[in-house]
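Subject: Handing over the structure

Hi there,

Here is the structure I promised to pass on. Please have it open while you read my notes below.

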Amino acid sequence: MSGNIQLLSDTLAGARAEGRSALIAYLPAGFPTVDGGIAAIKAVFEGGADVVEVGLPHSDPVLDGPVIQTADDIALRGGVKIADVMRTVRETFGATGKPVLVMTYWNPIDRYGVERFTAELAEAGGAGCILPDLPVQESALWREHAEKHGLATVFVVAPSSKDARLAEITAAGSGFVYAASLMGVTGTRESVGAQAQDLVRRTKATTGLPVCVGLGVSNAAQASEVAGFADGVIVGSAFVKRMLDAPDEAAGLEAVRALAGDLAKGVRATP
């Protein structure tokens, strides 16, 4: 079975045709439980997300701030496995028909086996992977198997990336480019800033792929700001924090559904 890179591309193109950015949400698998995580992703889609990134919880998440680290810790203590990540992708895609990616560090894939991981992700209906710590020059094996199975390879670019490096990264990627809006880890911020806009401009000069911005967006006003210059707005910590702060799972689901609704309005109301 082939993965859903085409569905991802069509979804991003559809948002662009509507004159707006796509809303991309992130939630870790297994948080607060495997079933609870699946329900949360469905709720985010119901609220208005176009794409969801499913986080593969990792014991040393170098890109993630304290909010996502807390959620990952809960998932890991609950015994989450790669099989649970695949089940999360399968059930959320099956229920919604919308693109679901996995965001993961390289070590779990390397240990699991690249061929096995890509085959299982495609079979589950996944659209691809975001690989924040896989260097492009070491990515040939992954890209070979991802392409074979119809999966996107999304690389992360940062404000520190020089133009030549941006060109190298975007030439190797597929699906979209993840532009980290600032140097540092994930988390909500008071502002996203001009740094992100400059990075998007420089990245777009190297590629025809959509460029989506993450790290720091947490409310509709920020989503609207980023939607003014990016093809997609990526929100993670704000969703996770709503789940962590909720008194119970039902309240958590309602909170993330409502946040997705607010952000969906934000990406449609560019300043």
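Let me start with Thr92, which sits in helix α4. Please keep in mind throughout that this is a predicted model. Thr92 has a relative accessibility of 0%, so this residue counts as buried. Beyond its neighbours within four places in sequence, Thr92 touches Ile38, Ile41, Lys42, Gly97 and Val100. Its C-alpha lies 9.3 Å from that of Val52, a residue 40 positions away in sequence.

Phe93 belongs to helix α4 as well. With the neighbours within four places again set aside, Phe93 is in contact with Asn4, Leu7, Lys98, Val100, Ala124 and Gly125. Gly125 is 32 residues from Phe93 in sequence, yet the two C-alpha atoms are 6.3 Å apart.

How does helix α4 sit against helix α6? The axes of α4 (residues 82–96) and α6 (residues 114–123) come within 9 Å of each other and cross at roughly 30°. Angles under 35 degrees count as roughly parallel, and the two helices α4 and α6 are therefore roughly parallel to each other. On the α4 side, the contact is made by Ile82, Met86, Val89 and Arg90, and on the α6 side by Phe117, Glu120, Leu121 and Glu123. Sorted by type, the residues of this contact comprise 5 nonpolar, no polar and 3 charged.

Now to strand β2, where you will find Val54. Val54 is buried, with a relative accessible area of 0%. Leaving out neighbours within four places in sequence, its contacts are Leu27, Ala29, Ile41, Val85, Thr88, Val89, Val100, Leu101, Val102 and Met103. The Met103 C-alpha is 5.9 Å from the Val54 C-alpha, although 49 residues of chain separate the two. Val89 links this part of the story to the previous one: Val89 is a contact of Val54 and also takes part in the contact of α4 with α6.

Glu53 is in strand β2 (residues 51–55) too, and this residue has an annotation. An unreviewed UniProt entry carries the feature "active site", which covers Glu53 and Asp64. Is Glu53 buried or exposed in the model? Its relative accessible area is 1%, so Glu53 is buried. Apart from neighbours within four places in sequence, Glu53 is in contact with Ile24, Ala25, Tyr26, Leu27, Leu101, Met103, Ile130, Phe176, Tyr178 and Ile234. Leu27, Leu101 and Met103 appear in that list, and they are among the contacts of Val54 as well.

Further along, His58 lies in the loop between β2 and α3 (66–77). His58 is buried, its relative accessible area being 15%. With neighbours within four places in sequence left out, the contacts of His58 are Asp72, Leu76, Tyr105, Asn107 and Pro108.

Another loop residue to look at is Gly173, placed between α8 (163–172) and β7 (177–180). Gly173 has a relative accessibility of 17% and counts as buried, because the cut-off for buried is under 20%. Once neighbours within four places in sequence are set aside, Gly173 touches Thr153, Phe155 and Leu209. For Phe155, the C-alpha distance to Gly173 is 6.0 Å, with their positions 18 residues apart in sequence.

Please look at the backbone at Phe31 and Pro32 as well, where the joining peptide bond is cis, with omega about 0°. Most peptide bonds are trans. Pro32 is in the loop between β1 (22–28) and α2 (34–47).

Finally, the cysteines. How many disulfides does the model have? The count is 0, where a disulfide would need a pair of cysteine sulfur atoms within 2.5 Å. For Cys129, the closest cysteine sulfur is that of Cys212, 16 Å away, which is too far for a bond. Seen from Cys212, the closest cysteine sulfur is likewise in Cys129, at 16 Å. Cys129 counts as buried, at 0% relative accessibility, and Cys212 is also buried, at 0%.

If you have time for just a few places, I would suggest the contact of α4 with α6, the surroundings of Glu53 and the cis peptide bond between Phe31 and Pro32.

Happy browsing, and all the best!

How values were computed
Residues are numbered from 1 along each chain as its sequence is written. This is a predicted model: local features need pLDDT of at least 70, side-chain atom pairs count only at pLDDT 80 or more; totals for chains, interfaces and linings use all residues. Side-chain values use heavy atoms; hydrogens and water are left out. Buried means under 20% relative accessible area, exposed over 50%, partly exposed in between (1.4 Å probe, protein chains only). Axes are lines fitted to C-alpha atoms, for helices over the stretch in contact, and angles run from 0 to 180 degrees between N-to-C directions. Helices (H or I, at least four residues) and strands (E, at least two) are DSSP runs, numbered from the N terminus. Angles under 35 degrees count as roughly parallel, over 145 as roughly antiparallel, 65 to 115 as roughly perpendicular and the rest as oblique. Contact means heavy atoms within 4.5 Å. Ala, Val, Leu, Ile, Met, Phe, Trp, Tyr, Cys and Pro count as nonpolar, Asp, Glu, Lys and Arg as charged, and the others, Gly among them, as polar. UniProt positions are given in the numbering used here, feature names are shortened, and annotations may be inferred rather than shown by experiment.
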